[in-house]
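Grab a pencil and open the viewer beside this page. Below are some short exercises, each with a solution you can follow step by step.

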Amino acid sequence: MKSKAFIALILLFALFAFQHASSQEARKVIPPNSKVFVASMPDGFDEFLKAAIEKKKVPLQIVAEKDQSDFQITGQSETQKASTAKKVIMWDWRSNEQASIQVSNLKTSEVVFAYSVNKVSSAHGKKSSAEACAKHLKEKIVASSRPEQQLRGQRRFTSLVGAEARGGTGGLRKGTIAPLDGSAAAVARASTSC
Amino acid sequence: MPNSFETYVAAGIEKKKVAVVLVTDRERADYELSGVSDIDKAGWAKMLFLGSQQTHEAASIKIVNLKTGKVVFAYSVNKTNSYKGKQSAGEAVAKHINEKIENRYH
């Protein structure tokens, strides 16, 4: 009798975890052909990003007005051109590139995707880093639109049950920052001083 | 944050699968992440004598509970010869936030 109650408790707990995980995953989905606004970025990286989105055939519609879009892409890029020392000592004329982008849902303000890239001696400068960003954005969209991605929560559910069966606490350890309960952390641009 | 370091932290949080939901609107958040970052590029002497063109990265962040005003987590990172520049620093920050959430710290 006790074991039945224990199994029922585990199943109830796992069902709750599955539903919660599924809702978390669903919130981070970028539907294909969504309208996206690419915000202005330093050094005109937004133009390179638009070109890369086109080249990599990312299933997104780029719009010129923020009001018409569902998502917004913001980011930053930095180019370090080869110095004289690098040219003379290393015989390398290529630049070092680093860039970072984040895609946020304009309705919920949630960041649904973020990616950063760092290329030492980039073959095609900003073009390479923009294409890396576009490639990973496409992977995210394609992966989230696949049916198996929607079962990701179910796999987590299975592993949780496994952890419980082994006597562990699984992946739902409670932390000070209270994860997996809808808590949100804001990356605020305004607050820069510590 | 200076140098748009927040986007690198966001990318690190995404990569390290930290169990938080990032929002851009402060009013919708429970916690606020803020900080500073600094970068020191390799000079000619470093290239000549060490043969290294990697940067020196320093960053420091803190997470504040917006309801209580308490700092619940703070972390600083200093990477000499950072392999991937700001990306490495952002991922280090994300990794330690993840550890904090999972109660690995005491």
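Before you count anything: helices (H or I, at least four residues) and strands (E, at least two) are DSSP runs, numbered from the N terminus. Also keep in mind that this is a predicted model.

**Exercise 1. Work out how many helices and strands each chain has, and in what order they come.**

Step 1. Start with chain A, where you should find 6 helices and 6 strands.

Step 2. Walk along chain A from the N terminus and the order reads α-β-α-β-β-α-β-β-α-α-α-β.

Step 3. Now do chain B, which has 3 helices and 4 strands. Its elements run α-β-β-α-β-β-α from the N terminus.

**Exercise 2. Find what share of each chain is buried, and how far its contacts reach along the sequence.**

Step 1. You need a cut-off here: a residue is buried if 20 or more other C-beta atoms lie within 10 Å of its own.

Step 2. In chain A, 32% of the 194 residues pass that test. In chain B, 48% of the 106 residues do.

Step 3. Next, take contacts between residues at least 6 apart in sequence. In chain A, 69% of these join residues at least 24 apart; for chain B the figure is 64%.

**Exercise 3. Look at the backbone angles of Asn33(A) and Ser109(A), then decide whether each residue is buried, partly exposed or exposed.**

Step 1. Recall the usual case: most residues other than glycine have a negative phi.

Step 2. Asn33(A) isn't a glycine, yet its phi is positive, about 65°. You'll find Asn33(A) in the loop between helix H1 (2-27) and strand S1 (34-38) of chain A.

Step 3. Count neighbours: Asn33(A) has 11 other C-beta atoms within 10 Å, so it is exposed.

Step 4. Ser109(A) also has a positive phi, about 70°, without being a glycine. Ser109(A) sits in the loop between strand S4 (95-105) and strand S5 (111-122) of chain A.

Step 5. Ser109(A) counts as partly exposed because it has 19 C-beta neighbours inside 10 Å.

**Exercise 4. Describe the side of chain A that touches chain B.**

Step 1. Count both sides of the contact: 38 residues come from chain A and 47 residues from chain B.

Step 2. Ask which elements of chain A supply at least two residues each. These are strand S3 (71-80), helix H3 (84-90), S4, S5 and strand S6 (184-187).

Step 3. Pick out the top contributor, which is S5(A) with 6 residues.

Step 4. Sort this side of chain A by class, and you get 17 nonpolar, 17 polar and 4 charged residues.

**Exercise 5. Work out how helix H2 (residues 45-55) and helix H4 (residues 126-145) of chain A pack.**

Step 1. Their angle is about 55°, and their axes are 8 Å apart.

Step 2. H2(A) and H4(A) are therefore oblique to each other, and the crossing is right-handed.

Step 3. Find the residues that meet. Among them are Phe45(A), Phe48(A) and Leu49(A) of H2(A), along with Ala130(A), Cys133(A) and Ala134(A) of H4(A).

Step 4. By class, this contact has 9 nonpolar, no polar and 4 charged residues.

Step 5. Zoom in on Ala134(A). Beyond its neighbours within four places in sequence, Ala134(A) is in contact with Leu49(A), Ala52(A), Ile53(A), Lys56(A) and Val58(A).

**Exercise 6. Do the same for helix H1 (residues 5-15) and helix H3 (residues 86-101) of chain B, then see how covered H1(B) is.**

Step 1. Here the angle is about 55°, with the axes 7 Å apart. H1(B) and H3(B) are therefore oblique to each other, and they make a right-handed crossing.

Step 2. The residues of this contact split into 8 nonpolar, 3 polar and 3 charged.

Step 3. Check how covered H1(B) is: 10 of its 11 residues are buried. One of these is Glu6(B), which counts as buried because it has 29 C-beta neighbours inside 10 Å.

Step 4. Compare sequence with space: Glu6(B) and Ser34(B) are 28 residues apart in sequence, while their C-alpha atoms are 8.0 Å apart.

**Exercise 7. Find out how many residues the largest nonpolar core has, and which have the most contacts inside it.**

Step 1. The count comes to 55 residues.

Step 2. Those with the most contacts inside this core are Leu49(A), Tyr115(A), Cys133(A), Ala134(A), Val9(B), Ile13(B) and Val93(B).

Notes
Residues numbered from 1 in each chain as written. Chains lettered and ligands numbered in written order. Predicted model: local features only at pLDDT ≥ 70, side-chain atom pairs only at ≥ 80, totals over all residues. Buried ≥ 20, exposed ≤ 12 C-beta atoms within 10 Å, placed from the backbone. Contact = placed C-beta atoms within 7 Å. Nonpolar A, V, L, I, M, F, W, Y, C, P; charged D, E, K, R; others polar. Axes fitted to C-alpha atoms, helices over the stretch in contact; angles between N-to-C directions. Parallel < 35°, antiparallel > 145°, perpendicular 65-115°, else oblique. Left-handed = near helix turned anticlockwise from the far one by under 90°. Core = buried A, V, L, I, M, F, W, Y, C linked by C-beta atoms within 7 Å.
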